[in-house]
Amino acid sequence: MRIIVTGGSGRLGQSVVRGLGELGHEVLSIDRIEVDGLPARQLTIDLLDHSATTALMAAERPDAVVHLAAIAVPFSAPEATILATNSALTFNVLDAASAAGAGRVLAASSPTVIGYGSPTTWEPRYLPLDEAHPVRPWNAYALSKLGIENTAAMFARQRGESTVFGSFRPCFVISPEEWDGAITQQGHTVVERLNDPALAAVSLFNYLDARDAAAFVACWLENAHLADNGEVFFVGAADALATRPVAELLPDYLPGCDACGLTGTLPAFSSAHAERVLGWRPTRSWRTELSPSQAALLHSPGTAAPTAAPDVGAPHSSTAASAASVSTEVRAS
Ligand SMILES: NC(=O)c1ccc[n+]([C@@H]2O[C@H](COP(=O)([O-])OP(=O)(O)OC[C@H]3O[C@@H](n4cnc5c(N)ncnc54)[C@H](O)[C@@H]3O)[C@@H](O)[C@H]2O)c1
């Protein structure tokens with residue numbers, strides 16, 4: 001497939017560009033900035049420019065478009081800027097993509113649409129959270145992401161004959177270098193997040209390896225005909241980013257929250273719908289991906305930490321055995 005990825009220079013975008021390229025797709029990355037070493041053709045453009053975006057899509061005539069470009073961090077710009085930017089970017093890209101004849105258009109939403117982290121009371125109606133759970137965005141970023149889902153659904157109703165639209169809610173994305181200690185989007189390392197549960201509690205301990213996100217994108221592009229046009233999917237790891245069960249940790253941060261169903265390593269977000277409809281499932285866990293030097297920095301993983309990776313498929317790096325053995329050593333001490 002000839003695929004355009006917007007935001008291809010970004011944290012998630014680079015893994016998506018790589019992953020699609022490795023599967024043999026012809027990938028074009030469109031972003032405001034270029035990055036070195038991306039194995040794809042790159043074009044720089046401001047996607048806020050509707051005419052330029054329309055002209056570019058018409059010239060490139062992609063089979064599919066993956067829209068990731070956004071202001072990607074809540075409160076990283078004035079609220080009005082985040083809402084206006086993310087809304088306009090999505091409208092421009094989805095409009096231009098389908099006008100240019102793209103058969104598949106997928107946009108990145110966010111789990112924040114659910115409403116966790118709200119300064120007013122927020123409680124999950126049930127756990128694990130799935131796509132049927134009510135949404136309650138409480139900041140401009142989350143609101144813009146709900147708008148992105150609605151924009152995809154609107155275009156599905158308007159142009160669903162010729163284009164399949166969809167959106168996905170990737171959990172906290174961890175790129176390959178972040179397993180080796182690079183600073184994450186939130187300004188700390190993965191190990192710091194594991195050692196201090198308060199850091200991950202704000203997003204209910206969710207996470208996703210960027211390469212698993214890329215695999216989801218590839219899977220959706222291949223199987224979008226199996227989904228409803230405009231459908232939304234949660235996309236997260238099969239375990240929580242925590243060394244202790246979420247059922248134990250969550251009540252400390254959401255008093256009164258009954259998370260007792262989340263036994264063992266189960267995450268608060270379910271990707272079961274993506275597996276049921278599209279056949280996608282995550283294959284990477286922090287337990288298999290953390291580099292040995294980072295795993296050595298883990299504090300006690302706690303009494304309930306598993307001795308092996310959860311059922312997420314074969315480990316994808318040679319760090320698995322060392323990470324598991326470090327865990328065991330720390331627990332024993
Ligand atoms: N990283 C996460 O944990 C996470 C979680 C949930 C959802 N998402 C969503 O996934 C997408 C990608 O996230 P990311 O972490 O890679 O973000 P990122 O900030 O690393 O990348 C976003 C890219 O979009 C580009 N961009 C922004 N405005 C643009 C414009 N006007 N024209 C052209 N390009 C523009 C930026 O230059 C950047 O390269 C975003 O939509 C984000 O909201 C990310």
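The questions and answers below walk through a predicted model.

Visitor: How many helices and strands are in the protein?
Guide: The model is predicted. Its chain has 333 residues, and 55% of them count as buried. The secondary structure comes to 13 helices and nine strands.

Visitor: What share of the contacts with a separation of 6 or more is between residues 24 or more positions apart?
Guide: The count takes contacts in the protein with a separation of 6 or more. Among these, residues 24 or more positions apart account for 74%.

Visitor: What percentage of the accessible surface belongs to carbon and sulfur atoms?
Guide: The accessible surface of the protein is about 13,400 Å². The part that belongs to carbon and sulfur atoms is 54%.

Visitor: Which strands pair with β4, and in what sense?
Guide: Strand β4 covers residues 64–67. Four bridges join β4 to β5, residues 104–108, and the two run parallel. Four bridges also link β4 with β1, residues 2–6, again in the parallel sense. The partners are β5 and β1, both parallel.

Visitor: Which residues stand opposite H67 in β1 and β5?
Guide: H67 is in β4, where it is the bridge partner of T6. T6 has its place in strand β1. In β5, H67 stands opposite A107. The two residues are T6 and A107.

Visitor: Which residues of β4 point the same way as A64, and which the other way?
Guide: In a regular strand, side chains alternate between the two faces of the sheet. In β4, V65 and H67 point one way, and A64 and V66 the other. All four are buried. With A64 goes V66; opposite are V65 and H67.

Visitor: What is the handedness of the unit made by β4, α3 and β5?
Guide: The unit is β-α-β, with helix α3 spanning residues 79–99. Its strands, β4 and β5, run parallel. The handedness is right-handed.

Visitor: Is T6 buried or exposed, and which backbone nitrogen lies 3.1 Å from its side chain?
Guide: T6 has 0% relative accessibility, so it counts as buried. It touches several residues more than four places away in sequence, including I30, L47, V93 and A69. A polar atom of the T6 side chain lies 3.1 Å from a backbone nitrogen. T6 is buried, and the nitrogen is that of A69.

Visitor: Why is α8 largely enclosed by the rest of the structure?
Guide: Helix α8, residues 210–223, has 14 residues and reaches 20 Å from first C-alpha to last. Its buried residues include F216, W220 and L221. It is largely enclosed because the buried residues number 11 of the 14.

Visitor: Which residue caps the N-terminal end of α8?
Guide: Look at the backbone nitrogen of R211. A side-chain oxygen lies 2.6 Å from it. The cap is D209.

Visitor: Where is the cis peptide bond between L127 and P128, and what is its omega?
Guide: Most peptide bonds are trans. The bond joining L127 and P128 is cis. P128 lies in the loop between β5 and α4. Omega is about -5°.

Visitor: R61 and L204 have a positive phi: which is buried and which exposed?
Guide: Most residues other than glycine have a negative phi. R61 has phi of about 45°, in the loop between α2 and β4. L204 has phi near 55°, in the loop between α7 and β8. At 3% relative accessible area L204 is buried, and at 52% R61 is exposed.

Technical notes
Residues numbered from 1 in each chain as written. Predicted model: local features only at pLDDT ≥ 70, side-chain atom pairs only at ≥ 80, totals over all residues. Heavy atoms only, no water. Expected span 1.5 Å × (residues − 1). Buried < 20%, exposed > 50% of the residue type's maximum accessible area, 1.4 Å probe, protein only. Polar contact = N/O pair within 3.5 Å; in protein donor to acceptor, adjacent residues only side chain to side chain. Pairing = 2+ DSSP bridges. Right-handed = clockwise from strand over helix to strand, strands pointing away. Contact = heavy atoms within 4.5 Å. Areas by Shrake-Rupley, 256 points an atom, 1.4 Å probe, with all protein chains shown as cover.
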